[in-house]
Amino acid sequence: MTDHELDLSAGAARLTVNAATGRIARFRVGEADVLHTGAHFGCFPMAPWCGRMREGVLEFGGHTYQLPRNAEPHAIHGTVRDHPWEVVRHNDTELVLAQDLRAPWPFAGRVTQSFALDADSAAFAMTVEAASDSFPAQAGWHPWFNRRLHAGGKDVEIAFAPAWQEQRGEDYLPTGHRIAPLPGPWDDCFGMPDGVDVTLTWPGALELTIASPLRWVVVYDLPPDTVCVEPQSGPPNGLETDPAVVAPGAPLAAEMSWSWRGLA
C-alpha cells in the first residue's frame, strides 16, 4: 500500500482508494479480488464527462473548446482521474475526497466523491459543482470487474433488462437512434429509465448487484479478463447531445451502490 492509498473495512469487505487518482484501487470480499487491479484498472470516477466526446470538441454558450484527444480521435472519461484529490474525511468505513476542476477543463468548479462501506454493501456518491460560470457536465463510475474471481473459476454472468440500447456508430459513439437491446459481447450504452440495475454472478462464488438512480449504463465485456458496468448520468458524447447544466448552487449529483452475497 502506498501513502496515497486509504483503506475502508467492514466485515469481510475491504476497499482501498487511491487518493492520487480518486480511483478504487482494490475491492475484496473475503479472499476474492472483485476488481481487476493495476494502474489503469480498479474503479475510477468519470467527470465532468463520461465516455467518449466526439473529437474532443465541446461547444457551449457560443464558444468552442478543444479538449485533449486521449482516445483518438476522441476525448474520453473526463479529467478528474488525472489529478490528485484532497482527503476531506476518512475513518474505518467512510471516505470523502474532493478536487477543483482545472485545465484542460475550461470551467471552474469542484468535484466531490464519497465512499461508505458496510459488510454487505457499499455506497458511492459524486457531485459536480460550478464555481461561477455554468457549464455542461456528466458524472459516473468505470469499474473493471474481474471476469473470474479465482484460477479455474467460472466466468461472470451479466443480468440486466435495459429499455433500449443506444445504436453505436463506426466511431463508437451513439448515432442518436435507440434500438432493441442486442446480445453481447458489448461496448455499448443502454437506457434504464427506472435506474441502473445490473447483477453480476460469479457461479458458486459471489453475486453483486450494481444499482443507481442514473438512467444510463455502459457495459463493456470485450476484454478476456474483465467486465465493466458503468452507471453514468448521460450517454457517451452526452455533453453535445443530452447535456445537464450545472450552475452555482445547482450541482449535478450522482449515486451508485454495490450489494453482494456469497454463493459458496
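Asn-18 touches His-4, Glu-5, Arg-23 and Ala-25, leaving aside residues up to four places away in sequence. Keep in mind that this is a predicted model. Asn-18 itself sits in strand E2, which covers residues 13-18. Its relative accessibility comes out at 16%, so Asn-18 counts as buried, the cut-off for that label being under 20%. There's also a polar link to look at: the side chain of Asn-18 reaches the backbone nitrogen of Ala-20 at 2.8 Å.

Now on to the sheet. Here 8 strands make up an open sheet with antiparallel pairing, and reading across you get E10-E11-E12-E13-E25-E21-E20-E16. Strand E10 (86-90) and strand E16 (157-159) are at the edges; each has a single partner strand, so one side of each is left without a neighbour in the sheet. On average, neighbouring strands of this sheet are turned by 15° against each other, if you ignore direction.

Zoom in on one pairing within that order. Strand E21 (residues 206-212) runs antiparallel to strand E25 (residues 252-262), and 6 bridges join them. To find your place along this pair, look for Glu-207, which stands opposite Arg-261 in E25. As background, side chains in a regular strand alternate between the two faces of the sheet.

Last stop, a hairpin. Strands E17 and E18 form it, with 5 residues between them. E17 spans residues 164-168 and E18 spans residues 174-179; the two run antiparallel and are joined by 3 bridges. Arg-168 stands opposite Pro-174 in E18. If you're checking backbone torsions, have a look at Tyr-172 in the turn, where phi is positive at about 70°.

How values were computed
Residues are numbered from 1 along each chain as its sequence is written. This is a predicted model: local features need pLDDT of at least 70, side-chain atom pairs count only at pLDDT 80 or more; totals for chains, interfaces and linings use all residues. Side-chain values use heavy atoms; hydrogens and water are left out. Two strands pair if DSSP finds at least two bridges between them. Helices (H or I, at least four residues) and strands (E, at least two) are DSSP runs, numbered from the N terminus. Axes are lines fitted to C-alpha atoms, for helices over the stretch in contact, and angles run from 0 to 180 degrees between N-to-C directions. Buried means under 20% relative accessible area, exposed over 50%, partly exposed in between (1.4 Å probe, protein chains only). A polar contact is a pair of N or O atoms within 3.5 Å; within protein, one must be able to donate a hydrogen and the other to accept it, and residues adjacent in sequence count only if both atoms are side-chain atoms. Contact means heavy atoms within 4.5 Å.
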